[in-house]
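User: I would be grateful for a close look at one part of this predicted model, the second largest pocket. Please describe what lines it and how the surrounding strands are arranged.

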Amino acid sequence: MVLAALGVVKVATAEQIRQLMCPGTAGAQTVRNGCLDLGRDGLVESLGSASRTNAAGNLVSEKLWNLTGPGLEAAAAVLDRPVREMGGTARGAARSGAKHAVKVTDTLAAFLQTPPEVTRPVPRKRPQPVPTALSSAPAGNDPVALTEAAQERPQGLGQIGSWATEVVLPVSGTLTTPGKNSPRADAVLTAPEAGVPVMFVEVDNGTENPLVLAHKAGRYREFFRRTVKPPTPSPNLHTQTGNPVPMWETLYGPLGREGYPPLAIVFTKQVGPAAMNSRINNVMRLAEEYWEGQYCEFATSYGSHERDGYTDYADAVPILVTTLDRLREHGPLGQVWFRFGHPTWQTLADALDNPDDERAFRRRQRRRDQLREQEERQRERERQEERERWAAQEAAAEAAREPDPVCQECHGPLESSPFEYDPREEQAPPADGVHCAGCRIQLAGPTSRFGRVIRRLVNGDE
């Protein structure tokens, strides 16, 4: 446990290692004993001390433990990592009190929220002759107390092996020889099993100017923008063979969503709410160009004056902030995150979401299209109903209309159409209401013999 913890955080007190790895032990003396045993084997050493305020409000000084060269190799074996990825031994930080490193370790403990588990005594190489007083923590041989303590602790995120500290992110150069202005992440979390493929963490002790802290986000974006050729074709990389891919994706794998990995800033300095809000607002304002994204606006339909759009976060860094106190009390999965650009404190899942991105716009557009289709179908139904009503009215009028009179002689129309000129009307005798104009002419033909002959010829009479 000691080797794994120091392999990640590099320098820590015995109490911090207990919180990271075995909070179920009665006190930090168990960890101190382990450090002493490892120190006799030349794997760890104590070159400095750190001060903290204990539960009683008293300022106490504790030894800082760090790995030696052989201890670094032993920790690499425990963590199953290549030695070249383990970093240094942090001897200089330990000698100077490691104020920043201590806060980074506290931050990791707040993320992990390691549940207290039942422990059993481990034989010492050199048993302590003087018994140590138990702390207020639940005793290791009391399963009931440990269960209650575990239920009180919020849910954590990841395990000690999910973390790495002081990670170089080269904007140019290589991992071993990074270029100028390359950021160095205080901590990096990789927990894909928990839905967080990668998260970069910056721990702020309140000593840096907000402008410096905001510019760190710009340096992170430079790293995220860097592309390289994929070393080998991989089905996990969403790219075609030979096409450049983001360097961070070759190191940590894809996110499974659009955009860059999140940058979490944890404020550790205990100040009043007004001072903390002021610092957060200053950093948010100064880093706006790095997190705000680009707004794209469109007409909702062809020829429409209604406008809608979405924010494109493809080149924006999701910046989440919280405080160490919030993390300790509610855990990393509670409503402890404020995402720059979001209106309120949120859970990690909600803070990582982009409710105003293209997906939301597409959903709104589909809904608008569905409404337009429904309205068009409704209008077509109304037009069809109107046509059916008109046809029914025409049929009713046609049924109620009296039939046109016919000629009793030829059984044709009694009267000619009012829209067509019939010259026979001028030659025919006056209408009698019984015969049409042609029949009236024939019936009123000449009475002489010659006329009767002509009429018979015309009528076909023999």
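**The second largest pocket and its strands**

Analyst: In this predicted model, the second largest pocket holds about 980 Å³ of space. Helix 1 (2-9), helix 6 (99-112), strand 4 (163-168), strand 5 (184-191) and helix 9 (247-252) are the elements that each contribute two or more residues to its lining. In total, 36 residues line the pocket, and those nearest its centre are Glu85, Ala164, Thr165, Glu166 and Val167. By character, the lining comprises 16 nonpolar, twelve polar and eight charged residues.

Which element gives the most to this lining? It is strand 4, which supplies six residues. Strand 4 is joined to strand 5 by five bridges, and the two strands run antiparallel. Within this pairing, alanine 164 has valine 188 of strand 5 as its bridge partner. Ala164 is thus a point shared by both descriptions: it is among the residues nearest the centre of the pocket, and it takes part in a bridge to strand 5. As a general matter, side chains in a regular strand alternate between the two faces of the sheet.

Strand 5 also gives two or more residues to the lining. Six of its eight residues are buried, that is, under 20% relative accessible area, and strand 5 is therefore largely enclosed by the rest of the structure. Besides its bridges to strand 4, strand 5 is joined to strand 6 (residues 196-204) by four bridges, again in an antiparallel arrangement. One of the bridge partners here is valine 196 of strand 6, which is matched with alanine 191. Strands 5 and 6 form a hairpin with four residues between the strands. In this hairpin, glycine 195 adopts a positive phi near 80 degrees.

For context, the model also contains an open sheet of three strands, with the order 1-3-2 and antiparallel pairing. Its edge strands, each pairing on one side only, are strand 1 (11-13) and strand 2 (44-53). On average, and with direction ignored, neighbouring strands of this sheet are turned by 35 degrees against each other. Strand 1 pairs with strand 3 (residues 59-67) over three bridges in the antiparallel sense, and threonine 13 has leucine 64 of strand 3 as its bridge partner.

To return to the pocket, strand 4 provides six lining residues, and five bridges connect strand 4 to strand 5. Four further bridges connect strand 5 to strand 6.

Key:
Residues numbered from 1 in each chain as written. Predicted model: local features only at pLDDT ≥ 70, side-chain atom pairs only at ≥ 80, totals over all residues. Heavy atoms only, no water. 1 Å grid on protein atoms, 1.4 Å probe; cavity = no way out; pocket = protein on both sides within 12 Å on 5 of 7 lines; lining within 4 Å. Points joined across faces, edges and corners; volume = space filled by probe spheres on them. Nonpolar A, V, L, I, M, F, W, Y, C, P; charged D, E, K, R; others polar. Buried < 20%, exposed > 50% of the residue type's maximum accessible area, 1.4 Å probe, protein only. Pairing = 2+ DSSP bridges. Axes fitted to C-alpha atoms, helices over the stretch in contact; angles between N-to-C directions.
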